[in-house]
Amino acid sequence: MIYCKRNSTQSPAIKSNSPQISNIVSTIVFMKKTSVLFLAVGTIVLFSNCFKKAHPTAQKTPAEEMDYAKTHYTDAQRTTGKGLYEKSCGQCHDLPLTGDYTIAQWDGILPKMFEKSKMGYDDAGLVKAYVIYNSKK
Ligand code: HEC
């Protein structure tokens, strides 16, 4: 009896609360959607960073590329790059002449070839500095 009475007094209260409940539910749904969005954006940012690290070819103009090769690397480092280039880049085809291609052309070629030669990020940076420095003028 008591149980039944409680139910009958409670049910109108629940009904009048239901718009609030649906508000809460839609807020939770919204929060879930937002967090999924943040997760997706975060994942993209994370992977784009990984991708950049695999290929040291950030978007630069040819003039900026040359400036970078000159100022971020020493003569000794570019010579190390030359050695790596001669060791790694003539394995599958004749060693190309750095002066056969312009900086813009090398920008298109190098990421593919760094992948083919399985060169690490730092070595690729040294090779790139050497190649860009000695590219077609
Ligand atoms: C595992 C084999 C392999 C290695 C190692 C390799 N290459 Fe290549 N390379 C190729 C193949 C295959 C092609 C032609 C097809 C293509 O462009 O993918 C090529 C093409 C080229 C070309 C001509 C591209 C064009 O568009 O005319 C150049 C320049 C070049 N490679 C430079 C390099 C440099 C620099 C390295 C060292 C960082 C290197 N390659 C290492 C396989 C390799």
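In which helix does lysine 82 lie? Lysine 82 lies in helix α3, and the tour will come back to that residue after a look at the whole chain.

**Before selecting anything**

This is a predicted model, in which local features need pLDDT of at least 70 and side-chain atom pairs count only at pLDDT 80 or more, while totals for chains, interfaces and linings use all residues. Residues are numbered from 1 along each chain as its sequence is written.

**The whole chain**

Show the chain as a cartoon, and five helices and zero strands appear, running α-α-α-α-α from the N terminus on. Helices (H or I, at least four residues) and strands (E, at least two) are DSSP runs, numbered from the N terminus. Of the 137 residues of the chain, 17% count as buried; a residue is buried if 20 or more other C-beta atoms lie within 10 Å of its own, exposed if 12 or fewer, and partly exposed in between, with C-beta atoms placed from the backbone. Among contacts between residues at least 6 apart in sequence, 86% join residues at least 24 apart, where a contact means that the two C-beta atoms, placed from the backbone, lie within 7 Å.

**Helices α3 and α5**

Select residues 75-88 for helix α3 and residues 121-133 for helix α5, whose axes come within 7 Å and cross at roughly 100°. The crossing makes α3 roughly perpendicular to α5, a label that covers angles of 65 to 115 degrees. Axes here are lines fitted to C-alpha atoms, for helices over the stretch in contact, and angles run from 0 to 180 degrees between N-to-C directions.

On the α3 side of this contact, pick out residues including Gln77, Lys82 and Tyr85, which belong to the group that meets residues of α5, among them Asp123, Leu126 and Tyr133. The residues of the contact of α3 with α5 divide into eight nonpolar, three polar and three charged; Ala, Val, Leu, Ile, Met, Phe, Trp, Tyr, Cys and Pro count as nonpolar, Asp, Glu, Lys and Arg as charged, and the others, Gly among them, as polar.

Returning to lysine 82, that residue is partly exposed, because 18 other C-beta atoms lie within 10 Å. The C-alpha atoms of lysine 82 and leucine 126 are separated by 8.0 Å, although the two residues are 44 apart along the chain.

Now keep only α5 selected: its buried residues are Ala124, Gly125, Leu126, Val127, Lys128, Ala129, Tyr130, Val131 and Ile132, and what covers them includes α2 (62-71), α3 and α4.

**Helices α2 and α4**

Next, select α2 and α4, whose axes come within 9 Å and cross at roughly 80°, which means that α2 is roughly perpendicular to α4. Pro62, Glu65 and Met66 in α2 meet Ile103, Ala104 and Asp107 in α4, and by class this contact has four nonpolar, no polar and two charged residues.

**The loop after α4**

Move to lysine 118, found in the loop between α4 and α5. Lysine 118 is exposed, because 8 other C-beta atoms lie within 10 Å, and its phi is near 55°, a positive value in a residue other than glycine.

**Around the ligand**

Finally, select the ligand and the 14 residues around it, of which Cys89, Cys92, Met113, Lys116 and Ser117 come nearest; a residue counts as near if its C-beta atom, placed from the backbone, lies within 6 Å of the molecule. Helix α4 (residues 103-116) gives the largest share of this shell, five residues, and the shell divides into eight nonpolar, four polar and two charged residues.

Methods
Parallel < 35°, antiparallel > 145°, perpendicular 65-115°, else oblique.
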